[in-house]
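Please work through the following exercises with the sequence and the model open beside you. Each task is followed by a solution that proceeds step by step.

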Amino acid sequence: MPAVTYELVHQSKDCGARAGILHTPHGDILTPVFMPVGTQATVKAMSTPELKEMGAQIILANTYHLFLRPGPEIVKKAGGLHGFMNWDRPMLTDSGGYQVFSFADRKSITEDGVTFQSHLDGSPRFLSPEVSIGVQEALGADIMMAFDECVPFEADYNYTENSMHRTLRWLDRCIEAKTRDDRALFGIVQGGFEEDLRRLSAKETIARDCDGFAIGGISVGEPHEEFLRILNYTTPLLPADKPRYNMGIGTPDYLFDSVEAGIDMCDCVLPTRVARNGQALTHDGKRNMRNAKFKEDFSALDSDCDCPTCTQYSRAYLRHLVTAGEILASRLLSYHNLYFLIHMMQEMREAILADAFLDFKKEFLGRYLA
């Protein structure tokens with residue numbers, strides 16, 4: 001049996017949205033699901049008990065960052081990420097590819113892999129499909145991602161085509177390098193914003209019979225209509241009996257779009273990143289808690305949210321914490337933002353089961369975007 005399997009519970013009658021169960025070595029995941037990002041083996045400002053308390057089913061850690069610090073050997077000695085960060089639920093690691101291509105300086109891409117300078121000390125480092133899989137196996141994730149190249153929106157056709165074919169060759173090497181049968185490997189469909197390349201990438205990636213499939217290379221700065229075009233073109237190409245993952249998606253509108261298309265899993269650093277900048281995601285849209293209008297507003301941050309931030313603290317107090325630069329501001333807003341997205345996805349699942357997803361989307365986004 002594969003390490004991770006997908007069980008379809010219900011296909012919505014009004015669109016492509018679907019509710020399922022993802023069976024993993026560290027427990028089942030009810031989908032669709034939002035995955036908090038724990039880049040450096042920590043979801044910023046949150047403890048693992050708090051993540052469980054808010055309903056997080058699975059979290060994501062980053063191969064690039066943990067490869068550089070503290071190093072996979074140390075994490076492996078601690079019992080993998082589950083032991084290292086005291087997390088006994090499912091874990092996914094990305095391959096490090098996105099960070100190398102978008103974050104690392106002075107990188108050189110060859111067929112072998114990518115040589116780059118560490119953002120920590122400038123030292124030369126090398127990541128390849130084999131190194132990435134070796135690091136991810138040491139980290140002990142339930143779901144590992146294939147090493148790929150994420151091309152920018154403005155990349156031309158020839159570059160995108162060459163990159164897509166290289167990603168396929170790298171996937172073959174990831175499959176060859178994988179040694180643990182108790183861990184899953186997801187392939188990533190690339191091809192930029194060219195439909196013919198997306199179709200070919202999907203066909204060839206699916207032929208490798210991975211445990212799941214991700215859509216990479218969208219939500220990289222393109223207009224929303226381009227995001228929708230490629231999302232809605234690519235998702236139906238993916239197998240219905242495997243989990244589908246749209247990478248790097250975290251705003252409510254993009255999450256609704258993804259689930260409507262038939263996506264099961266999404267992740268993003270957005271909820272904690274905007275929280276550190278004093279922003280809250282609420283049913284009535286994004287709120288900047290630095291705004292002076294909240295100075296004497298003693299109502300709840302979001303009257304329709306029952307997280308501890310909303311039930312125990314006022315907007316005036318949160319604004320005070322943000323403007324005073326207090327650490328608690330980041331903690332309380334991060335908790336709320338994560339809770340908001342996790343529970344929004346749970347409500348999506350309930351709407352799918354009731355064949356009312358599109359009505360729920362219209363109602364939710366109508367208020368959120370107003």
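## Exercise 1: a covered helix

In helix α6, the buried residues are Pro-129, Ser-132, Ile-133, Val-135, Gln-136, Glu-137, Ala-138 and Leu-139. Buried here means under 20% relative accessible area, while exposed means over 50% and partly exposed lies in between, with a 1.4 Å probe and protein chains only. This is a predicted model, in which local features need pLDDT of at least 70 and side-chain atom pairs count only at pLDDT 80 or more, whereas totals for chains, interfaces and linings use all residues. Residues are numbered from 1 along each chain as its sequence is written, and side-chain values use heavy atoms, with hydrogens and water left out.

Task: Is α6 mostly covered or mostly uncovered, and which residue follows it?

Solution. Begin with the extent of α6, which spans residues 129–139; helices (H or I, at least four residues) and strands (E, at least two) are DSSP runs, numbered from the N terminus. Eight of the 11 residues in α6 are buried, and the helix is thus mostly covered. Then step past its end to Gly-140, which follows α6 and has a positive phi, near 80 degrees.

## Exercise 2: two helix pairs

Task: How are α9 and α10 oriented to each other, and which residues make the contact?

Solution. Two packed helices are described by the angle between their axes and the distance between the axes. The axes of α9 (residues 224–234) and α10 (residues 252–261) come within 10 Å and cross at roughly 20 degrees; axes are lines fitted to C-alpha atoms, for helices over the stretch in contact, and angles run from 0 to 180 degrees between N-to-C directions. The two helices are therefore roughly parallel, the class for angles under 35 degrees, with over 145 counting as roughly antiparallel, 65 to 115 as roughly perpendicular and the rest as oblique. On the α9 side the contact (heavy atoms within 4.5 Å) involves His-224, Phe-227, Leu-228, Leu-231 and Asn-232, and on the α10 side Tyr-254, Asp-257, Ser-258 and Ala-261. By class, five of these contact residues are nonpolar, three polar and one charged; Ala, Val, Leu, Ile, Met, Phe, Trp, Tyr, Cys and Pro count as nonpolar, Asp, Glu, Lys and Arg as charged, and the others, Gly among them, as polar.

Task: What is the class make-up of the contact of α10 with α14?

Solution. Here the axes come within 11 Å and cross at roughly 30 degrees, which makes α10 roughly parallel to α14. From α10 the contact uses Pro-252, Leu-255, Phe-256 and Val-259, and from α14 it uses Phe-340, Leu-341, Met-344, Met-345, Met-348 and Ile-352. These residues divide into 10 nonpolar, no polar and no charged.

## Exercise 3: a loop cysteine

Task: Where is Cys-305 found, and is it buried or exposed?

Solution. Cys-305 lies in the loop between β16 (285–288) and α12 (308–312). Its relative accessible area is 9%, so Cys-305 is buried. Leaving aside residues up to four places away in sequence, Cys-305 touches Cys-310, Thr-311, His-336 and Tyr-339. Finally, Cys-305 and Pro-2 are 303 residues apart in sequence and 38 Å apart in space, C-alpha to C-alpha.
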